[in-house]
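Open the model in your viewer and keep the selection panel handy. This tour moves from stop to stop, saying what to pick next and what you will find there.

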Amino acid sequence: MTAQPPRPPATPAQALSAMDDLIAAHLVGQQEMAQRLGLNVTDLTCFAYVLQAGENLLTAGELATRVHVTTGAVTGILNRLERAGYVTRRPDPRDRRRVRVAAEPAAVARAYALYQPYYDRLDALFADYSPDEIAVLTDWFTRATALANTYREELRDQDRDGPGPDPNGANE
């Protein structure tokens, strides 16, 4: 194993700023990738979850939960993805009332052709990190994702419960 390059010191504020830059670059990139694939970002996100599930086909309800949309909204998303040739819906073999979502092989090939060069570059970037550093990155990504999902749910709960106190004191 080669020696790892020294890492410059960073504060949590610098790390958050770098994360904000990454998220912004990712959001813009996802918009561009979606356009290249003839999709909108939400549909691309759903398709990505279908790809991630692989042979463990998701139900429409599971997909709705992952994307944080209603089952009605996911029906519209699946209709668009199906019309565009990205997915098919299959009856669940254990419960015929449910459908499972499968990726179309030609669509998988199109998505991989677009994303693989980027993922190859990310793999090369990961090669600059030790297994222990990659473990820390993976832990941080996993925990930050859970934190983001929890915070979004808290905000949605607040929205359902009605407006809270006005931070400017206008409700007093």
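## First stop: a tyrosine cluster

Start by selecting Y119, which is partly exposed because its relative accessible area is 44% (buried means under 20%, exposed over 50% and partly exposed in between, with a 1.4 Å probe and protein chains only). Before going on, note that this is a predicted model, in which local features need pLDDT of at least 70 and side-chain atom pairs count only at pLDDT 80 or more, while totals for chains, interfaces and linings use all residues. Residues are numbered from 1 along each chain as its sequence is written, and side-chain values use heavy atoms, with hydrogens and water left out.

Now add Y118, also a partly exposed residue, at 41% relative accessible area. Show Y115 as well: ring pairs join Y115, Y118 and Y119 into a cluster. Rings of Phe, Tyr and Trp (its six-membered ring) pair if their centres lie within 6.5 Å; planes under 30 degrees apart count as stacked, over 60 as edge-to-face and the rest as tilted.

## Second stop: rings in the interior

How many aromatic pairs are there by this rule? The count is 4. One of them is F47 with Y86, an edge-to-face pair with 5.0 Å from centre to centre and 80 degrees between the planes. Colour by secondary structure here: F47 belongs to helix α2 (residues 41–53), while Y86 is in the loop between α4 (71–83) and β2 (87–91), so the pair links distant parts of the chain, 39 residues apart. Helices (H or I, at least four residues) and strands (E, at least two) are DSSP runs, numbered from the N terminus. Are these two rings buried or exposed? F47 and Y86 are both buried. Going back to Y118 and Y119 for a moment, their ring centres are 5.9 Å apart and their planes stand at 80 degrees, so this pair is edge-to-face too.

Keep Y86 on screen and select R110. The charged end of R110 sits over the ring of Y86, 4.8 Å from its centre; the rule asks for NZ of Lys or CZ of Arg within 6 Å of the ring centre and within 35 degrees of the ring normal.

## Third stop: salt bridges

Side chains of opposite charge can pair when their charged atoms come close. The structure holds 10 salt bridges, each being a side-chain nitrogen of Lys or Arg within 4 Å of a carboxyl oxygen of Asp or Glu.

Select R7 and E133, whose side chains meet in a salt bridge of 3.0 Å, N to O. R7 is in the segment before α1 (12–36) and E133 in helix α6, so this bridge ties together parts that are 126 residues apart in sequence. R7 is partly exposed at 35% relative accessible area, and E133 counts as partly exposed at 22%.

Next, pick R100 and E62, a salt bridge whose closest N and O atoms are 3.7 Å apart. Because R100 lies in strand β3 (residues 99–103) and E62 in helix α3 (residues 60–67), the pair ties together parts 38 residues apart in sequence. R100 is buried, with 12% relative accessible area, whereas E62 counts as partly exposed at 34%. Add D92 and R98 to the selection to see a network of salt bridges linking E62, D92, R98 and R100.

Then try E82 and R89, a salt bridge with its closest N and O atoms 2.9 Å apart.

## Fourth stop: between two helices

Return to helix α3 and select V67 there; V67 is buried, with a relative accessible area of 15%. Which residues does V67 contact, leaving aside neighbours within four places in sequence? They are T42, C46 and Y49, where contact means heavy atoms within 4.5 Å.

Now choose D43 in helix α2. D43 is buried at 2% relative accessible area, and its C-alpha atom is separated by 9.7 Å from that of V67, 24 residues apart along the chain. Not counting residues up to four places away in sequence, D43 touches I77, R80 and L81.

## Last stop: a nonpolar patch

Finish on the surface with F126, W140 and F141, a nonpolar patch with about 300 Å² of accessible area together. Patches are made of residues with over 30% relative accessible area and no salt bridge: like charges are joined within 9 Å, nonpolar side chains (Val, Leu, Ile, Met, Phe, Trp, Tyr) within 5 Å. Accessible areas come from the Shrake-Rupley method with a 1.4 Å probe, and for residues only the protein chains shown count as cover. F141 lies in helix α6 (residues 131–161) and is partly exposed, at 40% relative accessible area.
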